[in-house]
Amino acid sequence: MNSSISNYINKITKKYPLIGQLHDGGSIQNKHFINGKFQCAESTETFTVINPANEQVLAHLSAGNKADINNAVAAAKNAFYQGPWPNMKGSERAVYLRKMAAIITRRLTELSDLEVLDNGKPFPEAKWDIEDTAGTFEFYANLADSFDEHSSKEISLPEPGFTSRATKEPLGVVGAIIPWNFPMLMAAWKVAPALAAGCTVVLKPSEVTPLTALALGEIAQEADLPDGVLNIVTGLGQPAGQALAEHPDIDKLAFTGSVPTGSKIMALAAKDIKNISLELGGKSPLVIFEDTDIDKAVEWIMFGIFWNQGQVCSATSRVLVSENIYPALMKRLIEETKKITIGAGDIHGVLLGPLVNAAQYEKVKAAIARGVQEGATLAYGGIKPAHFDKGYFLTPAIFTDVDEDSWIWQEEIFGPVVCIKAFKTEQEAIALANNSRFGLAAAVMSKDQARCDRVAKAFKAGIVWVNCSQPTFVEAPWGGYKQSGIGRELGEWGFNNYLETKQITQFTSDEPWGWYVK
């Protein structure tokens, strides 16, 4: 890519129409995707989308307001109650999801480029995300295919003269609010299972990284998704996110983001007793025992916290290392961390891109400063590389001698900052790992399978990794304990998030019931 975004966009507009439409007053600017097309916004307010690698403007988009949300929800409600979508067979809905998967796959390079521009992550990571996005639509197409034969279950009753069955049916109109760290993939985690189940959706992407969400609107159009089934409104948390969360016609809220915002979403949903699922923050531990190969441990430490610039809710940012290998492991970790190539995500070989925006950059820098003030040792990094005068770049930070009650050990930073602490015994490691208000994920490394099994069982976390960190598969459930959230995404669990269960019981006897009328 050309370092000048204007030159780059001019060069690829013909190849990638969406990027051209987002630039210089193009057709998607100041529009939302509602009822099957890009419509002019009711709001006159806009917000700016920035390339975090060079701080240049990518686009000015509509900051949707309550009126825009109302229009989107009305379209989704009409599509659910008047349209064919929820009454289709699952196999019929699967056709549309497979079309969307195929379009995403065909546009893989374009969408990956767009994610790099918008989010800053290295291109190989963006490409992986978009491939997983297509895979998510394909997976839920398969579940939709099998839904028809599993949507009803006969129930055995002790009372003669009655039959009963439990049926599953689409929950209704879904409001989905997604974060900025995996923009298109997080959209797919909510949109694909909701559509597969027969729900209709209003999607509110993060204002920090909204571009691939708008591309999802284009993809829905090309796949001939019925009007109103998927609607996308760009905008800020207030008023757009709040208007969506408290809208009386939203039947289900699915949110991924921070604990404070999740708490607000939950309070808004409580007014109408909305069905909710929340995937919130984490401060996940990685426990490394003395029999672990040091090179493998270093690899998974780095992947667990430096991947996606540490902007990962499940990042294993608290590392507990057996005191027997602690000195050797620390030496090796610092050596390898120094080798990480930092730069713009479109440059070949870069493994660490910029943080997503100025606010996150300042937040992470402040967290590092606080760690030093609290007495932890900054063993490496935590500064802006000298050769960058633009962009939100930061060298990975490694803290040692961290007190378990300190802010930096307990609170989510959401950046490439790892805290490392030695332990003596298995019991101590488990206690340190579980001493957190979060419980999204946890990891353990050891050659002793019995020990791995014990520790995995002892972790108070919804996701446990053994001899690795961060592998994520659409087939497996995703979600946390404690303040890390409510409910599960992905797999059949994510599909069931968007279904209601109904009991249908019938009196079949020819004899009168005869309780009152004799």
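Visitor: Which helix gives the most to the lining of the second largest pocket?

Guide: That would be H11, with six residues in the lining. Bear in mind that this is a predicted model.

Visitor: Which helices each supply at least two residues of that lining?

Guide: Helix H6 (123-150), helix H11 (294-306) and helix H12 (326-337) each do.

Visitor: And what volume does the second largest pocket have?

Guide: Its volume is about 450 Å³. There are 19 residues lining the pocket, and the closest to its centre are Glu299, Met302, Phe303, Ile340 and Leu351.

Visitor: How does the lining split by class?

Guide: The lining has eleven nonpolar residues, six charged ones and two polar ones.

Visitor: Switching to the backbone: which peptide bond is cis?

Guide: The bond from glutamine 238 to proline 239 is cis, and its omega is near 10°.

Visitor: Where is proline 239 found?

Guide: Proline 239 is in helix H9, which covers residues 237-245.

Visitor: What about phi at asparagine 467?

Guide: Asparagine 467 has a positive phi of about 60°, although it is not a glycine. The residue sits in the loop that runs between strand E19 (463-466) and strand E20 (481-482).

Visitor: How is asparagine 467 classed for exposure?

Guide: Asparagine 467 is classed as partly exposed, because its relative accessible area is 32% and that class runs from 20% to 50%.

Visitor: And lysine 482, what is its phi?

Guide: Lysine 482 also isn't a glycine, and it has a positive phi of about 50°. This lysine lies in strand E20, and at 41% relative accessibility it counts as partly exposed.

Visitor: Let's talk about H10. How many residues does it have, and what distance does it reach?

Guide: Helix H10 (residues 259-270) has twelve residues and reaches 16 Å from its first C-alpha to its last. That is close to the 16 Å expected at 1.5 Å a residue.

Visitor: Which residues of H10 are buried?

Guide: They are Val259, Gly262, Ile265, Leu268 and Ala269.

Visitor: What do those buried residues pack against?

Guide: They pack against helix H9 and four strands, namely E7 (173-177), E10 (252-256), E11 (275-279) and E17 (438-439). H9 is the helix that holds proline 239, from the cis bond we discussed.

Visitor: What lies in the loop between H9 and E10?

Guide: Histidine 247 is in that loop.

Visitor: Is histidine 247 buried or exposed?

Guide: Histidine 247 counts as buried, because its relative accessibility is 9% and the cut-off for buried is under 20%.

Visitor: What is histidine 247 in contact with, leaving aside its neighbours within four places in sequence?

Guide: With those set aside, histidine 247 is in contact with Ile69, Asn70, Val73, Asp272 and Lys274.

Visitor: Last topic, cysteines. How many disulfides does the structure hold?

Guide: It holds zero disulfides. Take cysteine 313, where the nearest cysteine sulfur is that of cysteine 468, 16 Å away. Cysteine 452 is in no disulfide either, and for it the nearest cysteine sulfur, again that of cysteine 468, is 10.0 Å away.

Visitor: Why do those distances rule out a disulfide?

Guide: Because a disulfide needs a pair of cysteine sulfur atoms within 2.5 Å.

Visitor: And are cysteine 313 and cysteine 452 buried or exposed?

Guide: Cysteine 313 counts as buried at 12% relative accessibility. Cysteine 452 is buried too, with a relative accessible area of 0%.

How values were computed: Residues are numbered from 1 along each chain as its sequence is written. This is a predicted model: local features need pLDDT of at least 70, side-chain atom pairs count only at pLDDT 80 or more; totals for chains, interfaces and linings use all residues. Side-chain values use heavy atoms; hydrogens and water are left out. On a 1 Å grid over the protein atoms alone, a cavity is a set of points where a 1.4 Å probe fits but cannot get out, and a pocket is an open set with protein on both sides within 12 Å along at least five of seven lines; lining residues have an atom within 4 Å of a point. Grid points are joined across faces, edges and corners, and a volume is the space filled by probe spheres set on the points. Ala, Val, Leu, Ile, Met, Phe, Trp, Tyr, Cys and Pro count as nonpolar, Asp, Glu, Lys and Arg as charged, and the others, Gly among them, as polar. Buried means under 20% relative accessible area, exposed over 50%, partly exposed in between (1.4 Å probe, protein chains only). The expected span of a helix is 1.5 Å times one less than its number of residues. Contact means heavy atoms within 4.5 Å.
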